[in-house]
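Welcome, and please get your viewer ready. We will walk through this model one selection at a time, with a short note at each stop.

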Amino acid sequence: MEFSAEQIAGLIKGKIIGDEKTVITGVSPIENGQQGHLSFVAQSRFSHYIDTTDCAVLIVSENLLENRDYKPVIIAVEDAYLSFQILMNLYQEMQGRKTGIEAGSFFHETAKVGEDVYIGAFTYVSEKAKIGDGTQIFPHVYIGKGVEIGKNCKIDSGARIYDYCVIGDNCVIHSNTVVGGDGFGFQPTAEGFKKIPQLGNVIIGDNVEIGSNCSIDRATIGSTVIGKGTKIDNLIQIAHNVQIGENNVIAAQAGIAGSTVIGDWNQIGGQVGIVGHIKIGNQVKIQAQSGVNSSAKDGDTLYGSPAINYSDYRRNYVHFRNFTDIVKRINDLENKKSE
């Protein structure tokens, strides 16, 4: 597709500096700008690309601009990153949506499907499942018995939604994620570990996005819950009976053990491990690779393993880095004392 600078500026309410008729035919990252392409500059550390890029048109945050001429056509906006996101969403909408049930899929006679739904080939929709209007389910997806999926969801190829799980509206579940697998529940006995039946389900709120290759376990009894607006990266394990609130972000390879309760608006970094049966408050920040083994209050920032207050960790780490020298000094002092 081709768009003029004038058309793009109209979509994001930007001010053009340069030839408004300039046409772009593609999009590039600013570090590898190509002729005839569009890119954006939102931060001062990338502002030098404004004068060196080969891109034909740049969306630029207005606070980064000077009163002078530029080689590319500039579209000045208040927030270039936000404006570029708006453009990407508009472009995605222009690609259209698939509808209909493809040949090769299995659809149980008791399952119910809304309007404008897409079911890809080799997808299995079990008995009494319900799928809301506008939802797209791509090939090779398994939808279990009694599953409820809301409106305008997207379930990518290879995802598995086990029996009786509930997914809200406008959710995205990426490839090979499993929702509702058994929790890790075993009772030690004299004969070995005996499996505890996992009889609950998973409830996912509206506007949740879950990355690829995640595992969200069903509850032993009751529900594992993911609150609305929460965004979950790839390769994440959420154990049985975990309760996650609204608008959390959880980065890749994090793991949350059973029955832990997490509040709202938290930021959990990559490779974070959280033990079971604790409570994380609201607006907590947990730095990457931290191991959390106790509850956290609202607004805490944690780092380390076991995790402690981020500021305390940084101060302690200075001493840790110098620990060999400190031990040597102590040994030297003790040797002098014994002389």
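In which helix does Val327 lie? Select Val327 and you will find yourself in helix H5. Keep in mind throughout the tour that this is a predicted model.

**Stop 1: a nonpolar patch**

Val327 is partly exposed, since its relative accessible area is 31% and the partly exposed class runs between 20% and 50%. Now add Tyr317, Phe320 and Phe323 to the selection: together with Val327 they make a nonpolar surface patch of about 400 Å². Two elements give two or more residues to this patch, namely helix H4 (310-321) and helix H5 (323-338).

**Stop 2: the largest pocket**

Next, select Asn89, Gln92, Arg97, Lys154 and Val172. Of the 20 residues that line the largest pocket, these five lie nearest its centre. The pocket has a volume of about 760 Å³. To see where the largest share of its lining comes from, colour helix H3 (residues 80-94), which supplies 4 residues. If you colour the lining by class, you should count 6 nonpolar, 9 polar and 5 charged residues.

Stay with Lys154 for a moment. Lys154 forms a salt bridge with Asp156, and the closest N and O atoms are 3.9 Å apart. Is Asp156 buried or exposed? Asp156 is buried, with a relative accessible area of 12%, because anything under 20% counts as buried. Lys154, at 31%, is partly exposed.

**Stop 3: the second largest pocket**

Select Phe3, Ile24, Val27, Leu87 and Tyr91 now. The second largest pocket holds about 340 Å³ of space, and these five are the closest to its centre among the 15 residues that line it. Helix H3 appears again here, giving the largest share of the lining with 6 residues. Helix H1 (5-12), strand E4 (26-27) and H3 each supply at least two lining residues. By class, this lining has 13 nonpolar residues, 2 polar ones and no charged ones.

**Stop 4: salt bridges**

How many salt bridges does a search of the whole structure find? The search finds 9. Select Glu6 and Lys21 to see one of them, where the closest N and O atoms are 3.1 Å apart. Glu6 sits in helix H1, while Lys21 is in the loop between strand E2 (15-17) and strand E3 (23-24), so this pair ties together parts that are 15 residues apart in sequence. Glu6 is partly exposed, with a relative accessible area of 37%, and Lys21 is exposed at 51%.

Move on to Lys195 and Asp182, whose side chains meet in a salt bridge with an N to O distance of 3.1 Å. Lys195 lies in strand E23 (residues 192-195) and Asp182 in the loop between E21 and strand E22 (186-189), so parts that are 13 residues apart in sequence are tied together by this pair. Lys195 is partly exposed at 46% relative accessibility, and Asp182 is partly exposed at 40%. Then select Asp51, Glu66 and Arg68, which are joined into one network by salt bridges that share partners.

**Stop 5: a distance to try**

For the last stop, select Val178 in strand E21 (residues 178-181). Val178 counts as partly exposed, at 21% relative accessibility. Draw a line from its C-alpha atom to that of Glu115: the two atoms are separated by 26 Å, and the residues are 63 apart along the chain.

Technical notes. Residues numbered from 1 in each chain as written. Predicted model: local features only at pLDDT ≥ 70, side-chain atom pairs only at ≥ 80, totals over all residues. Heavy atoms only, no water. 1 Å grid on protein atoms, 1.4 Å probe; cavity = no way out; pocket = protein on both sides within 12 Å on 5 of 7 lines; lining within 4 Å. Points joined across faces, edges and corners; volume = space filled by probe spheres on them. Nonpolar A, V, L, I, M, F, W, Y, C, P; charged D, E, K, R; others polar. Patch = residues over 30% accessible without salt bridge, like charges linked within 9 Å, V, L, I, M, F, W, Y side chains within 5 Å. Areas by Shrake-Rupley, 256 points an atom, 1.4 Å probe, with all protein chains shown as cover. Salt bridge = Lys/Arg side-chain N within 4 Å of Asp/Glu carboxyl O. Buried < 20%, exposed > 50% of the residue type's maximum accessible area, 1.4 Å probe, protein only.
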